[in-house]
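Dear colleague,

Please find below the structure that I am handing over to you, together with its sequence. My findings are set out after it.

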Amino acid sequence: MQLVTIIVPIDGCKLFIIEVDTTTTIPYPVDSFTLNVAQRCSFLCNLTDLDPTYNASRVKSIYIRIQATLSVYPQDVTSFIPPYENQCYPYPTFYNPLYLAFLSLDSTNSTPTYLATLATPILSNVTPPLDTNILDARPLFRNANGVPNATHYLAIAVGFGVGPSGFGDATVNGVSYSSDANYMHMRDDPPTGFTSDLYEPLLYQMVRKTNQLAISSPLLEAGNDLPVIQSDANGHYLIPYLACVDIYITNPIGGEHPFHLHGHNFWIVSTSDYPEAEFLYAEDFMQRDTVSVPAGGWAKIRFVADNPGAWFMHCHIEWHMADGLAVALIVSPDQLLTNGYTIPQSGQRQCEALQRFNTTYDPVIPSN
Ligand SMILES: [Cu+2]
């Protein structure tokens with residue numbers, strides 16, 4: 001399970017990245033790579049090119065290191081020893097920020113003979129930014145027509161803090177996304193507009209009240225050349241069919257957030273760690289499905305809204321999402337109908353069953 005950003009090197013090995021988030025890349029060498037929650041990566045390593053130090057000492061296996069970023073831990077974990085066990089390298093203990101595996105160089109499958117604490121090549125020869133999102137990754141297969149120009153714009157401002165109740169409180173453009181099943185039946189169904197409080201997925205609401213969603217079409221706004229995607233102030237953003245949308249995610253407070261979009265892959269245009277990527281790699285941006293938005297920085301992504309439906313876009317750190325760090329992109333209700341989508345009976349029955357269950361076994365008892 002991956003909880004935080006991790007950095008992965010293998011002692012003495014160059015790693016040739018060949019894939020990120022299912023996009024095949026031109027192989028490129030790194031000493032280590034960074035992954036945020038939900039991101040994936042494949043690599044090759046050629047053991048005949050192992051660093052001579054390891055060959056000279058005739059080691060039979062080497063460490064694969066999975067180093068969590070320390071800044072996300074609430075305490076000094078490097079000297080933290082859980083009360084019920086002793087810290088014991090190289091085997092991982094609870095809350096250990098460095099996890100180790102080993103790669104056997106022969107058939108003996110023996111553990112490394114050198115101490116894990118001695119060889120720590122992590123970060124020694126890697127130049128920031130470490131973000132493999134865009135640093136050197138180039139797509140192996142290029143889009144024949146390049147990357148289309150944006151036709152629309154959407155700004156996503158992340159807010160993060162502690163709410164009045166003492167729990168985490170996350171917002172996007174000032175809205176904390178919510179769909180609280182406990183309280184659904186205590187609210188009336190508004191005649192127009194989306195609600196997250198109904199026993200009905202957003203997708204079904206798109207079909208049932210196609211022309212009553214109470215979200216404006218994109219508008220030209222001061223300071224923007226492109227029409228700006230609008231929302232209903234409840235975290236639902238209406239996107240026209242085949243719009244090519246630049247989403248600019250700003251993250252002024254707190255740590256990194258790995259933003260994941262459902263239903264579409266996006267191009268990573270640039271981030272605050274690497275703003276020149278927009279110009280260096282125009283026509284040739286990498287496609288991923290999760291972008292790591294730097295702490296105190298921003299990321300700019302682009303996607304073509306060619307998949308009608310209601311698509312979640314959210315931070316993939318689960319408790320951040322639970323705190324409301326999410327939006328729903330409502331891609332073309334009209335095209336959804338044109339494509340012939342209808343609400344399946346089985347889905348309808350499932351919603352009704354959930355409603356019956358919750359109203360029968362109501363976990364919410366109003367206080368007097
Ligand atoms: Cu987050």
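The notes below cover the confidence of the model, the annotated domain and one of the sheets.

Please bear in mind that this is a predicted model. The mean pLDDT of the chain is 82, and 80% of the residues reach a score of at least 70. Among the elements of the chain, strand β12 (residues 244-251) has the highest mean pLDDT, at 98, whereas helix α1 (residues 52-56) has the lowest, at 78. Residues 120-129 call for separate mention: the pLDDT there is below 50, and in the model this stretch makes 15 contacts beyond near neighbours in sequence.

As to annotation, the unreviewed UniProt entry places a feature named "domain: Plastocyanin-like" at residues 10-49 and 236-334. Over residues 10-49 the chain is 55% strand and 0% helix, and the C-alpha atoms at the two ends of that segment are 13 Å apart.

Turning to the sheet, three strands are arranged in the order β3-β2-β5, forming an open sheet with antiparallel pairing. The edges are occupied by β3 (23-30) and β5 (41-44); each has a single partner strand, so one side of each is left without a neighbour in the sheet. On average, and with direction ignored, neighbouring strands of this sheet are turned by 25 degrees against each other.

Which residue of β5 is the bridge partner of I17? That partner is F43. The pairing of β5 with strand β2 (residues 15-20) is antiparallel and runs over four bridges.

Yours sincerely

Notes:
Residues numbered from 1 in each chain as written. Predicted model: local features only at pLDDT ≥ 70, side-chain atom pairs only at ≥ 80, totals over all residues. UniProt positions renumbered as here; feature names shortened; annotations may be inferred. Pairing = 2+ DSSP bridges. Axes fitted to C-alpha atoms, helices over the stretch in contact; angles between N-to-C directions. pLDDT = per-residue confidence, 0-100. Contact = placed C-beta atoms within 7 Å.
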